[in-house]
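I opened a new page to write down what I look up in this protein. I start with a term I will need, then go from the whole chain to single residues.

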Amino acid sequence: AAAASAIAKRAAAADTEDDDRVGLRLVLQLSKGADLAVFREDGRQMAGLKVGTLSLELKNRPLTMALRASLSDLRLSDAALAPDHPYRFLCDLRGGGGGGG
């Protein structure tokens, strides 16, 4: 418990570090969504990925790293299965939205 408390204090202190101490800052924002399809050599679709809005920010500081992300929708499908197969969608997160930081 003491180690977790020390880590939490260090993370809180890192959030207050000046942004000029950030060695790397990566920001990715996808507002309209994207569809990605993976095809086999014979041209048949193997898998599909649909992503709604996505926001990602990564800050790498000298002593810490911070990641903030939110995702609205995510669907990952196995195109080898029939459209009505109960396991066609390996991951189906729609409508809720989530976040982490």
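Entry 1, a term. I call a residue buried when its relative accessible area is under 20%, exposed when it is over 50%, and partly exposed in between. I also note that the model is a predicted one.

Entry 2, first use of the term. I looked up Lys59 and found a relative accessibility of 14%, so Lys59 counts as buried. I then checked its side chain, which meets the side chain of Glu57 in a salt bridge at 3.9 Å, N to O.

Entry 3, the whole chain. I counted one helix and eight strands in the secondary structure. Read from the N terminus, the order is α-β-β-β-β-β-β-β-β. The protein has 101 residues, and 16% of them count as buried. The exposed area is about 7,600 Å², with 57% of it supplied by carbon and sulfur atoms. I also looked at contacts with a separation of 6 or more: 46% of them are between residues 24 or more positions apart.

Entry 4, salt bridges. How many salt bridges does the structure hold? I found four. One of them joins the side chains of Arg25 and Glu57 at 2.9 Å, N to O. This pair links distant parts of the chain, since Arg25 is in strand S1 (residues 24-30) and Glu57 is in strand S4 (residues 54-60), 32 residues apart. Arg25 counts as exposed because its relative accessibility is 53%. I noted that Arg25, Glu57 and Lys59 are linked in a network of salt bridges.

Entry 5, another salt bridge. The side chains of Arg75 and Asp92 meet at 3.2 Å, N to O. Arg75 lies in strand S6 and Asp92 in strand S7 (residues 89-93), so this pair ties together parts that are 17 residues apart in sequence. Asp92 has a relative accessible area of 34%, so I list Asp92 as partly exposed.

Entry 6, strand pairing. I followed S2 into strand S3 (residues 45-51) and found the two paired in the antiparallel sense over six bridges. Phe39 stands opposite Gln45 in S3. S2 and S3 form a hairpin, with five residues between them. In the turn I found Gly43, which has a positive phi of about 95°. On S3 I then looked for S6: the two strands run antiparallel and are joined by five bridges. Val51 has Leu74 in S6 as its bridge partner.

Entry 7, a residue in S6. Is Ser77 buried or exposed? Ser77 is buried, because its relative accessible area is 10%. Ser77 is found in strand S6, which covers residues 74-78. I left aside the neighbours within four places in sequence and listed the contacts of Ser77: Met46, Ala47, Gly48, Arg88, Phe89 and Leu90.

Entry 8, the surface. Which residues form a nonpolar patch there? I found Leu36, Val38 and Met46, with about 250 Å² of accessible area together. Val38 is found in strand S2 (residues 34-39). With a relative accessibility of 35%, Val38 counts as partly exposed. Met46 comes up twice in my notes, in this patch and among the contacts of Ser77.

Notes
Residues are numbered from 1 along each chain as its sequence is written. This is a predicted model: local features need pLDDT of at least 70, side-chain atom pairs count only at pLDDT 80 or more; totals for chains, interfaces and linings use all residues. Side-chain values use heavy atoms; hydrogens and water are left out. Helices (H or I, at least four residues) and strands (E, at least two) are DSSP runs, numbered from the N terminus. Buried means under 20% relative accessible area, exposed over 50%, partly exposed in between (1.4 Å probe, protein chains only). Contact means heavy atoms within 4.5 Å. Accessible areas come from the Shrake-Rupley method with a 1.4 Å probe; for residues, only the protein chains shown count as cover. Patches are made of residues with over 30% relative accessible area and no salt bridge: like charges are joined within 9 Å, nonpolar side chains (Val, Leu, Ile, Met, Phe, Trp, Tyr) within 5 Å. Two strands pair if DSSP finds at least two bridges between them.
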